[in-house]
Amino acid sequence: MILEMKVPSPGESITEVEIAEWLVQDGDYVEKDQAIAEVDSDKATLELPAEASGIITLKAEEGDAVAVGQVVCLIDTSAKAPEGDAPAKEDKKVETAPKAEAVKAEAPKADTYASGTASPAAKKILAEKNIDASTISGTGKDGRITKDDAVNAVPSMGTPTGGNRGSSNSKMSMLRRKVAERLVEAKNTTAMLTTFNEVDMSPIFALRKEYKEEFKAKHGVGLGFMSFFSLAVVRALQMYPAVNSMIDGKEMKSFDFVDISIAVSGPKGLMVPVIRNAENLTFRGVESEVKRLAIRARDGKITVDEMTGGTFTISNGGVFGSMLSTPIINPPQSGILGMHNIVERPVAINGEVVIRPIMYVALSYDHRIIDGKESVGFLVAVKEALENPIELLMDNDVKKALEL
């Protein structure tokens with residue numbers, strides 16, 4: 001029996017995917033549920049499992065865009081499994097086109113004592129331009145370098161030294177192309193502005209130093225910065241609901257819940273899994289969800305549903321060493337908070353200069369829906385919560401907030 005395998009729908013509104021890589025070769029014997037291909041949608045990279053055991057015949061090439069429901073391979077379910085282990089996938093051999101027959105060049109003119117020799121005037125001009133005469137083709141008699149040759153000579157922007165100067169092109173994945181489109185869309189369709197502030201991370205450092213071991217021992221996850229930032233964002237969004245809104249046609253759509261998109265770097269590019277109903281989560285809940293989503297993104301197992309939606313985004317460029325940046329809004333959302341690295345800096349406190357661990361934070365927002373007063377107020381509210389977490393995020397009960 002020949003089974004036709006069709007592209008399943010990876011999610012609502014997705015009508016086309018791209019064959020990123022075949023994990024088997026034409027004619028291989030595959031087992032049911034074995035991953036046979038990786039397919040890219042505009043939201044994620046997903047594995048395509050075999051629907052039955054048998055000999056596979058591929059009907060699409062790597063890089064092909066195929067519609068949802070299109071047949072991409074056939075499986076002969078009547079074929080028997082080969083004895084012993086199936087051969088490993090061989091490296092693909094790239095056939096190179098036969099070299100074209102060399103075109104016979106015209107015989108060069110014979111060199112003379114004048115070939116490549118600069119006239120006195122030309123020598124002076126070349127010296128002033130710091131140009132080597134050997135790099136100039138003379139147009140004078142017998143190849144002599146004339147004054148005009150020297151005047152018209154352009155200094156090289158860099159002399160090749162014999163090192164590798166090759167380049168290569170590779171096709172962008174569907175996911176990367178979609179990210180690029182969305183970034184351009186955000187720049188072109190929103191009135192994006194960014195406001196900045198700085199946060200003294202000393203209180204959070206002190207809490208983590210005192211409770212991180214106990215927290216990890218009890219809950220199995222670390223007490224990181226993301227739980228503090230997520231809960232500070234929840235509080236600020238409840239104070240400034242316009243930041244937790246988006247434009248819907250001619251209306252402003254506001255949400256009574258907080259779904260936080262967390263921008264993470266995955267093997268296939270930028271991904272934004274969503275922490276649902278963050279307003280209902282504790283420190284442990286946020287850290288557990290961040291860890292779960294990060295692992296799934298890293299392993300390429302994140303689903304489209306896990307990256308759909310979100311009312312606000314947090315991006316942590318600090319893990320890569322970024323001091324300051326202007327994050328780009330994740331449409332159709334209206335705001336994104338950028339975290340950055342933490343650096344010990346001199347700051348003035350009570351008239352004295354002290355050294356504190358400082359993080360610069362940035363809020364990019366859509367000015368069409370969020371006014372300057374709201375954007376600044378929101379970021380100040382985040383700063384206040386991070387600098388006074390025991391009172392504003394833990395209700396003055398650290399043990400209860402951390403569930404210890």
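**Exercise 1.** In this predicted model, decide whether Asn-244 is buried or exposed, and describe its surroundings.

*Solution.*
Step 1. The relative accessible area of Asn-244 is 3%. Buried means under 20%, so Asn-244 is buried.
Step 2. Place the residue in the fold. Asn-244 sits in the loop that runs between helix 5 (225-239) and strand 10 (245-248).
Step 3. List the contacts, leaving out residues up to four places away in sequence. Asn-244 touches Leu-237, Lys-253, Ser-254, Phe-255, Phe-257, Val-258 and Thr-311.
Step 4. Look for a polar partner. The backbone oxygen of Phe-255 is reached by the side chain of Asn-244 at 3.3 Å. Phe-255 is also among the residues that Asn-244 touches.

**Exercise 2.** Find which parts of the chain are tied together by the salt bridge between Glu-403 and Arg-284, and state how accessible each partner is.

*Solution.*
Step 1. Check the distance. The side chains of Glu-403 and Arg-284 meet at 3.3 Å, N to O, and the cut-off for a salt bridge is 4 Å.
Step 2. Locate the partners. Arg-284 belongs to helix 6 (residues 283-298), while Glu-403 lies in the segment after helix 9 (398-401), so the pair ties together parts that are 119 residues apart in sequence.
Step 3. Assign accessibility. Glu-403 has a relative accessible area of 24% and is partly exposed. Arg-284, at 33%, also counts as partly exposed.
Step 4. Set the pair in context. A search of the whole structure gives nine salt bridges, one of them being Glu-403 with Arg-284.

**Exercise 3.** Work out which residues are joined with Glu-306 into one network of salt bridges.

*Solution.*
Step 1. Take the pair Glu-306 and Arg-292. Their closest N and O atoms are 2.9 Å apart in a salt bridge. Glu-306 is in the loop between helix 6 and strand 15 (312-316), and Arg-292 is in helix 6, 14 residues apart.
Step 2. Take the pair Arg-296 and Glu-306. This salt bridge has its closest N and O atoms 3.1 Å apart. Arg-296 is in helix 6, and the two residues are 10 residues apart.
Step 3. Combine the pairs. Through shared partners, salt bridges join Glu-289, Arg-292, Arg-296 and Glu-306 into one network.
Step 4. Assign accessibility. Glu-306 has 14% relative accessibility and therefore counts as buried. Arg-292, with a relative accessible area of 35%, is partly exposed. Arg-296 is partly exposed at 25%.

Notes:
Residues numbered from 1 in each chain as written. Predicted model: local features only at pLDDT ≥ 70, side-chain atom pairs only at ≥ 80, totals over all residues. Heavy atoms only, no water. Helix = DSSP H or I, 4+ residues; strand = E, 2+ residues; numbered from the N terminus. Buried < 20%, exposed > 50% of the residue type's maximum accessible area, 1.4 Å probe, protein only. Polar contact = N/O pair within 3.5 Å; in protein donor to acceptor, adjacent residues only side chain to side chain. Contact = heavy atoms within 4.5 Å.
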